[in-house]
Amino acid sequence: MSERITITPLGPYIGAQVSDITLAKPLSDSQFEQLYHALIRHQVLFVRDQPITPHQQRALAMRFGDLHIHPVYPHAEGVEEIIVLDTHNDNPPDNDNWHTDVTFIDRPPAGAILAAKQLPSTGGDTLWTSGIAAFEALSAPIQQLLSGLRAEHDFRHSFPEWKHMKTPEEHQRWRTAAQKNPPLLHPVVRTHPVSGKQALFVNEGFTTRIVDLSPKESDALLGFLFAHVTKPEFQVRWRWQENDVALWDNRVTQHYANADYLPERRVMHRATILGDKPFYRAG
């Protein structure tokens with residue numbers, strides 16, 4: 001029986017659909033290698049019709065590396081590595097901004113696996129954009145300027161205290177997370193540890209300032225970069241169906257979850273794969 005999986009690119013820079021694979025079962029070494037290399041090349045992969053339990057999702061994610069346990073979001077029962085993103089009128093979404101997941105830690109996630117469990121009748125699409133394509137589209141002088149700079153990433157920028165005060169337990173969890181995750185610095189341009197490609201590594205969700213510049217210069221440059229990285233040319237948009245699974249390389253992408261479906265409900269499960277310390281190495 002053939003173990004060849006089918007990879008269909010969805011655009012020139014980012015995104016591919018994968019078929020001829022069953023993610024709920026353990027993948028063979030050959031299947032995993034094909035999936036891994038497709039992920040490095042296309043940055044985000046989509047697989048239709050993949051009913052997967054939290055335990056199966058965790059097992060799949062662990063093939064890629066150790067998993068992150070989120071300090072704030074709730075998790076699936078008995079599987080703390082699987083975040084439950086259950087959004088509705090009483091718990092409105094907070095990820096309707098362009099962001100790269102968990103860049104507020106020293107070794108931000110290398111990737112993530114997201115499974116669609118319950119969807120609104122319409123809306124709720126997710127968009128991804130390529131930091132590699134965005135960097136390569138910049139002029140050489142701007143690339144050179146950015147390549148030595150460092151930016152601050154702050155947990156509290158996306159998780160402000162006032163949003164986490166519904167109960168004393170939730171507030172205490174937030175305070176503990178804020179204490180454990182003080183602001184830290186990452187390079188503005190990051191080198192992918194496998195492909196060697198350079199990518200923009202600032203995001204509206206967590207990046208607060210470029211520390212090597214004056215506040216006004218930092219605000220102007222970040223404003224430009226946040227707008228530039230989200231140009232449609234660098235994006236792919238996915239219209240979810242129930243039991244779809246998306247896998248993405250968190251080191252070189254940003255994503256945006258459309259919050260256009262309220263008062264309907266949307267439930268997603270996410271596994272987050274720990275990564276390495278971002279670095280910049282001149283090409």
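Here is a short back-and-forth on reading a few features of this predicted model.

Q: Where do I start: how many helices and strands does the protein have?
A: A quick inventory is a good first step. Here the protein has seven helices and 16 strands. Its radius of gyration is 18 Å, close to the 19 Å that the globule rule gives for 283 residues, so the protein is as compact as a globular protein of that length. If you prefer a box, the C-alpha atoms fill roughly 55 × 50 × 35 Å along the principal axes.

Q: What share of the residues counts as buried?
A: Buried means under 20% relative accessible area. By that cut-off, 52% of the 283 residues are buried. Contacts tell you about the fold as well: among those with a separation of 6 or more, 82% come from residues 24 or more positions apart.

Q: Which strands form the open sheet, and in what order?
A: With a sheet, read the strand order and then look at the edges. This open sheet has three strands in the order β13-β7-β15, with antiparallel pairing. β13 (235–238) and β15 (253–257) are the edge strands; each has a single partner, so one side of each has no neighbour in the sheet. On average, neighbouring strands here are turned by 20° against each other, direction ignored.

Q: How many bridges join β7 to β13, and which residues stand opposite each other?
A: Four bridges join β7 (residues 126–130) to β13, and the two run antiparallel. Trp 128 stands opposite Val 236 in β13, and Thr 129 stands opposite Gln 235.

Q: Which side chains of β13 are buried and which are not?
A: Follow the strand residue by residue and check the faces. In β13 the side chains alternate: Val 236 and Trp 238 point to one face and are buried, while Gln 235 and Arg 237 point to the other face and are not buried.

Q: How is a pair of aromatic rings described?
A: You quote the distance of the centres and the angle of the planes. The count in this model comes to ten aromatic pairs. One of them is Phe 104 with Phe 155, at 5.1 Å centre to centre and 75° between the planes, which is edge-to-face. The pair links distant parts of the chain: Phe 104 sits in the loop between β5 (79–87) and β6 (111–118), and Phe 155 is in helix α5 (residues 155–158), 51 residues apart.

Q: Are those two rings buried or exposed?
A: Compare the relative accessible area with the cut-off of under 20% for buried. Phe 104 has 1%, so it counts as buried. Phe 155 is at 0%, so that residue is buried too.

Q: Which residues form the aromatic cluster?
A: Phe 46, Trp 128, Trp 238, Trp 240 and Trp 248 form one cluster. You've met Trp 128 already, opposite Val 236, and Trp 238 too, as a buried residue of β13.

Q: Which arginines lie over the face of a ring?
A: For these, look at the distance to the ring centre. Arg 63 lies over the face of Phe 32, at 4.7 Å from the ring centre. Arg 190 does so with Phe 201, at 4.8 Å.

Q: What does Gly 275 touch?
A: Leave out residues up to four places away in sequence, and Gly 275 touches Arg 107, Pro 108, Pro 109 and Ala 110. Gly 275 is in the segment after β16 (266–273). Gly 275 and Phe 64 are 211 residues apart in sequence but 9.7 Å apart in space, C-alpha to C-alpha.

Conventions:
Residues are numbered from 1 along each chain as its sequence is written. This is a predicted model: local features need pLDDT of at least 70, side-chain atom pairs count only at pLDDT 80 or more; totals for chains, interfaces and linings use all residues. Side-chain values use heavy atoms; hydrogens and water are left out. Two strands pair if DSSP finds at least two bridges between them. Axes are lines fitted to C-alpha atoms, for helices over the stretch in contact, and angles run from 0 to 180 degrees between N-to-C directions. Contact means heavy atoms within 4.5 Å. Buried means under 20% relative accessible area, exposed over 50%, partly exposed in between (1.4 Å probe, protein chains only). Rings of Phe, Tyr and Trp (its six-membered ring) pair if their centres lie within 6.5 Å; planes under 30 degrees apart count as stacked, over 60 as edge-to-face and the rest as tilted. A charge sits over a ring if NZ of Lys or CZ of Arg is within 6 Å of the ring centre and within 35 degrees of the ring normal. The radius of gyration is taken over C-alpha atoms; the globule rule is 2.2 Å times the number of residues to the power 0.38.
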